[in-house]
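Q: Please take a close look at one part of the structure below. I should like a connected account of which of its residues are buried and what surrounds them.

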Amino acid sequence: MEWNGLKKIIGKAAPLIGSALAGPAGGTVGAMLANALGTEPEADAVAQAIQQDPGALLKIKQFELENEQRLREITFKTLQVELADKANARLEHKDSNMPAIIVWLLTTIAAGLTWGMFNTEIPEANKDVAFMLFGQVVTLWGASITYWVGTTRSSSDKSKMLGINRQQ
């Protein structure tokens with residue numbers, strides 16, 4: 001089991017810990033939690049402790065209350081790093097033609113596949129593969145559009161809110 005897998009179980013009793021376990025800092029928060037429960041710093045050991053000890057979730061809630069500020073700092077720093085990474089990625093690629101080429105290529109492929117799905121009869125044996133391929137291309141196309149259009153504005157706003165400097 002991964003730390004992310006404990007999110008549902010722990011999140012009901014201690015939402016701050018649950019959300020932190022699901023993020024990039026999950027291993028760090030999980031190790032802190034394991035220490036509080038007196039188990040090995042592994043997700044399986046914590047899960048087993050929760051199953052065997054009816055008071056474990058109460059201990060976890062107590063841990064959350066005692067370490068709320070520290071957990072919030074870890075979550076905040078993780079968010080800062082993620083936002084800085086996104087801002088840096090866009091900044092690094094601002095003068096490159098390759099992202100635009102990739103977006104246009106994926107747009108062309110998605111459009112071609114859409115046209116083909118409606119204008120070509122796909123053999124029954126190949127329908128599953130065709131639908132899977134179409135789904136993957138549309139997902140990648142959507143992600144490429146989101147990278148440049150959808151999240152740029154919100155990431156910029158969050159960066160400003162967090163005080164992350166962006167050079168342009």
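The following answer concerns helix α5 (56-66) and its setting.

A: The model is a predicted one: local features require a pLDDT of at least 70 and side-chain atom pairs a pLDDT of 80 or more, whereas totals for chains, interfaces and linings use all residues. Residues are numbered from 1 along each chain as its sequence is written, and side-chain values use heavy atoms, with hydrogens and water left out.

The setting may be described before the helix itself. The protein chain has eight helices and zero strands, where helices (H or I, at least four residues) and strands (E, at least two) are DSSP runs numbered from the N terminus. Read in order, the pattern is α-α-α-α-α-α-α-α. Of the 168 residues, 28% count as buried; the term means under 20% relative accessible area, with exposed meaning over 50% and partly exposed the range in between (1.4 Å probe, protein chains only). The accessible surface, from the Shrake-Rupley method with a 1.4 Å probe, amounts to about 11300 Å², and carbon and sulfur atoms account for 58% of it. Contact here means heavy atoms within 4.5 Å. Among contacts between residues at least 6 apart in sequence, 66% join residues at least 24 apart.

Helix α5 has a buried side made up of A56, I60, F63 and E64. These residues cover an arc of only 100° around the axis, and therefore lie on the same side of α5; the arc is that of the directions from the helix axis to the C-beta atoms. The face turned away from this buried side carries the exposed residues L58, L65 and E66.

I60, on the buried side, leads to the interior of the model. With neighbours within four places in sequence set aside, I60 is in contact with I10, A14, I17, L33, L37 and I50. I60 is also one of the residues that touch the most other members of the largest nonpolar core, together with L6, I10, I17, L21, L33 and V46. This core has 23 residues, and a nonpolar core is a set of buried Ala, Val, Leu, Ile, Met, Phe, Trp, Tyr and Cys residues joined through side-chain atoms within 4.5 Å. Besides α5, the helices α2 (15-22), α3 (26-37), α4 (43-52) and α6 (68-92) each supply at least two residues of this core. The largest share, five residues, comes from α3. In soluble globular proteins, nonpolar side chains tend to be buried together.

E64 is the acidic residue in the buried set of α5, and its relative accessible area is 5%. The side chain of E64 meets that of K61 in a salt bridge with an N to O distance of 2.9 Å; the term denotes a side-chain nitrogen of Lys or Arg within 4 Å of a carboxyl oxygen of Asp or Glu. Both residues belong to α5 and stand three residues apart, about one turn of the helix. K61, in contrast to its buried partner, is partly exposed at 29% relative accessible area.

The whole structure contains four salt bridges, and another of them lies in α6. There R72 pairs with E68, the closest N and O atoms being 2.9 Å apart. The two residues are four residues apart in α6, again about one turn of the helix. R72 counts as partly exposed at 45% relative accessibility, and E68 also counts as partly exposed, at 32%. Helix α6 further contains T78, which is buried at 18% relative accessibility. Leaving aside neighbours within four places in sequence, T78 is in contact with P24 and A25.

W3 adds a view of the chain before α1 (7-13), where this residue is found. W3 is buried, with a relative accessible area of 13%. Apart from neighbours within four places in sequence, its contacts include L21 and V46, both of which are listed with I60 among the core residues touching the most other members. A31 is another contact of W3; the C-alpha atoms of W3 and A31 are separated by 9.6 Å, although the residues are 28 apart along the chain.

In summary, α5 turns A56, I60, F63 and E64 to its buried side and carries L58, L65 and E66 on the face turned away from it.
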